[in-house]
Structures are given as structure tokens and as C-alpha cells.
Amino acid sequence: MNNQDPVLSRPCSGNLDGILGIKFPVLDDGFIRVIDYMGTDTSIVQAARVSYGAGTRKVSEDRSLIRYLLRHRHTTPFEMCELKLHVRVPMDCWRQWIRHRTASVNEYSTRYSVAVDACRTTRPDEWRTQSEVNKQGSGEAISAELGEKLSAAEAELHALSKEVYTNRLDCGVAREQARKDLPLSTYTEAYWKVDLHNLLHFLALRMDAHAQYEIREYAQTIGQEIVSKWVPYTWEAFLEYRFNGFYLSDSETRVISLLSQGKTAEAKQLLFEINWLEDKHAAIKESREATEFKEKLQKMGIPVPW
Ligand SMILES: Cc1cc2nc3c(=O)[nH]c(=O)nc-3n(C[C@H](O)[C@H](O)[C@H](O)COP(=O)(O)OP(=O)(O)OC[C@H]3O[C@@H](n4cnc5c(N)ncnc54)[C@H](O)[C@@H]3O)c2cc1C
């Protein structure tokens, strides 16, 4: 008599198996490739139902459950899936990436080995002006003429830093000290392992238009080339409820309710009462919350009441 649980089959993603180890290029010399993974959409459903083996539910029910879990911000079922990537990324971008504390990381050591001999270079048409509205962001493209000069100066700097670094190594300086003046544009490589819940959090922040262009390129590649193929139902729900959707706060809901009843003056009054709008020298000053609310109204095609 066999009283063991039924034999389990390992959940596999044919799509992801098909791209294991394949390098997806990012920026001028970076890449991302999948080294390993655990779980699929099925594992999320399985964990949520704490059931064994192939489910008896229909595929459409699995999709509904995943959408429900994501919509209601359940987390642990998504932590049942893991992804291990090999990434090659410029150090300035990596510095933003590594702030995500919930991943396991092993990075190429420039104490142990000679630094990666590649820097992120910027084409003349890739330079961006400082944004006037966002202190952390970029604005328009720099003119082609200026771009040429900036790229030429960048090439000079990279060549000089490489020469100084190589010379230090040739003089017998320790690698850990010789590296100290390498530019932040130097590429580094790492293994980065993260569960799906925290990966989606990373993607939500780093695919967003407020994230820096360079890390956005990596996040979009991970999302579109890897996650969408690995866990298609989760990816679809993520785009629907998290990335392309938005929440409405209590105040926002009340303002929209007034607007839908045609009470525009009352809606505006409410925005002043909660200090989202302020009268400043006969002009209306928007708080950050008001600006973000305005973007939501515009997205919904609702006229902004101020
Ligand atoms: C557009 C943008 C601008 C930014 N600007 C700046 C900046 O100017 N300066 C700056 O320093 N950083 C900046 N950051 C980095 C940002 O503040 C976060 O450090 C980074 O995005 C990682 O987010 P996280 O902590 O939520 O993610 P993770 O570290 O991946 O953590 C995921 C979640 O796990 C939980 N968690 C993880 N560790 C702990 C813990 N120890 N205790 C409790 N809960 C934990 C939290 O719920 C957290 O949200 C910026 C990020 C973005 C996207």
C-alpha cells in the first residue's frame, strides 16, 4: 500500500527553457540572460490553493485566481516563483539596481579580477538636458552639434582612465586600489536572483517613466523578454492592475464623485480645503498630490477643475 503523496512533476516553462542562457542586449554593451528559474503561473495557483499536482480547475480559473491575487495585493503565492539572471550593467545603473534589497546578489569582483574592459558610451544623439520640471529627471535631447563634442570628450576620458588604470596594474598596484578612479560608466556583471513578488515591485518602480532611462531599458527587457514569457497570466495581471492601472485615494474619489454630478465648483473647493490647491498671489498653486491627481484625471479624460 503506497501512502505517499502523488508524484509531482516539476512546473516548467517551455518559453523560458527556450531562452535559457540567451543574451538580450541592453544599452551599448550590456545584457541580461536567464540562468535559472523556479515555478510558473501554475506554481502560484498551486500555492494559493495548497493543492498537489496538476489541478483539476480549468485554465480560465487559474487566470482568474492570479488576477484576483494580484489585484488584492497577495504576496506569498508570487514568492513561490524565482528567477536567476546574469546581468551586465554600467556601475551607475547598478548602483540604483542594488538598492532593491530583496534579491540575492553575487557581483564580479574588481579586487579579485581586472575590471571589465568596457564603459557605457553615449552616442552624440543620446545626451539629454536636465529636466525643468523634475529635479531628478531628463528633459529634451541635446543638440547634435553639442552632442558630438560631449561624446568626443567622453571618449577621451574613457581612454585616459583606462590608461591610468592599466598603468597602475603594470606598476604592481593592487587591483583593489588601482580601480578607485574607474568611471561609473564601467560595466560590471552580477548574478541577481529574486522572487516574482519582489521582481514585480522592481519592475513597477524601474519601468516607470520616472525611473532613469538606462535602468528602464533593463527593466523593460526583463519584463517584456522574460517575465511576459515565463508567467504570462501574472504579467498580464501586473500590467492591468499595477503598471497601467492606478489607485484612487479617498479624496480623489470624493472629487471625482462631485465632478460626475456636475458640481465642479464644490470639487475645486474640496481641493482647497484639503490643501492640495492653494491661492498664491492670485494664482493657483498645485501641491504634488494635485499634480499627480491631474495626471489621473487626464488619463481618464475628465476635465481638470482648476
Ligand atoms: C524614481 C526613483 C527615484 C529614487 N530616488 C532616490 C533618491 O533620490 N535617493 C535614494 O537614496 N534612493 C532613491 N531611490 C531608491 C528608492 O528609495 C528605494 O531604495 C529603491 O527603489 C528600492 O525600493 P524598495 O526599498 O521598495 O525595494 P526593495 O529593497 O526590493 O524592498 C522591497 C520591499 O521589501 C520590504 N523591505 C525590504 N527590506 C526591508 C527592511 N529592512 N525592513 C522593512 N521592509 C523591508 C519593503 O516593503 C520594500 O518595499 C529612488 C527610486 C526610484 C524608483
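1. Domain bounds here come from an automatic or database domain assignment. In this chain, that assignment gives domain 1 (14–114 + 187–243), domain 2 (124–181) and domain 3 (250–300), and the centres of domain 1 and domain 3, taken over C-alpha atoms, are separated by 37 Å. Residues are numbered from 1 along each chain as its sequence is written. Please keep in mind that this is a predicted model, in which local features need pLDDT of at least 70 and side-chain atom pairs count only at pLDDT 80 or more, while totals for chains, interfaces and linings use all residues.

2. An open sheet of 5 strands, with antiparallel pairing, follows the order β1-β2-β3-β7-β4; strands (E, at least two residues) and helices (H or I, at least four residues) are DSSP runs numbered from the N terminus, and two strands pair if DSSP finds at least two bridges between them. At the edges lie β1 (24–26) and β4 (104–107), each of which pairs on one side only. On average, neighbouring strands of this sheet are turned by 25° against each other, direction ignored.

3. Strand β4 is joined by 4 bridges to β7 (residues 187–195), and the two run antiparallel; Asn 106, for instance, has Tyr 191 in β7 as its bridge partner.

4. Helix α8 (residues 196–206) lies across β3 (82–90) and β7, running at about 125° to β7, where axes are lines fitted to C-alpha atoms, for helices over the stretch in contact, and angles run from 0 to 180 degrees between N-to-C directions. Its buried residues (20 or more other C-beta atoms within 10 Å of their own; exposed means 12 or fewer, partly exposed in between, with C-beta atoms placed from the backbone) include Leu 196, Phe 202 and Arg 206. The buried residues of α8 pack against α4 (76–79), β3, β7, α9 (213–230) and α10 (232–243), contact meaning that two such C-beta atoms lie within 7 Å.

5. In helix α2 (residues 41–49), the buried residues are Asp 41, Thr 42, Ser 43, Ile 44, Val 45 and Gln 46, and just after α2, Val 50 takes a positive phi of about 45°.

6. Thr 166 has its place in helix α6 (residues 144–170), and it counts as partly exposed because it has 13 C-beta neighbours inside 10 Å. Although Thr 166 and Ala 178 are 12 residues apart along the chain, their C-alpha atoms are separated by 8.3 Å.

7. Around the ligand stand Arg 99, His 100, Arg 101, Thr 102, Gln 136, Asn 198, His 201, Leu 205, His 210 and Ala 211, a residue being near a molecule if its C-beta atom, placed from the backbone, lies within 6 Å of it.
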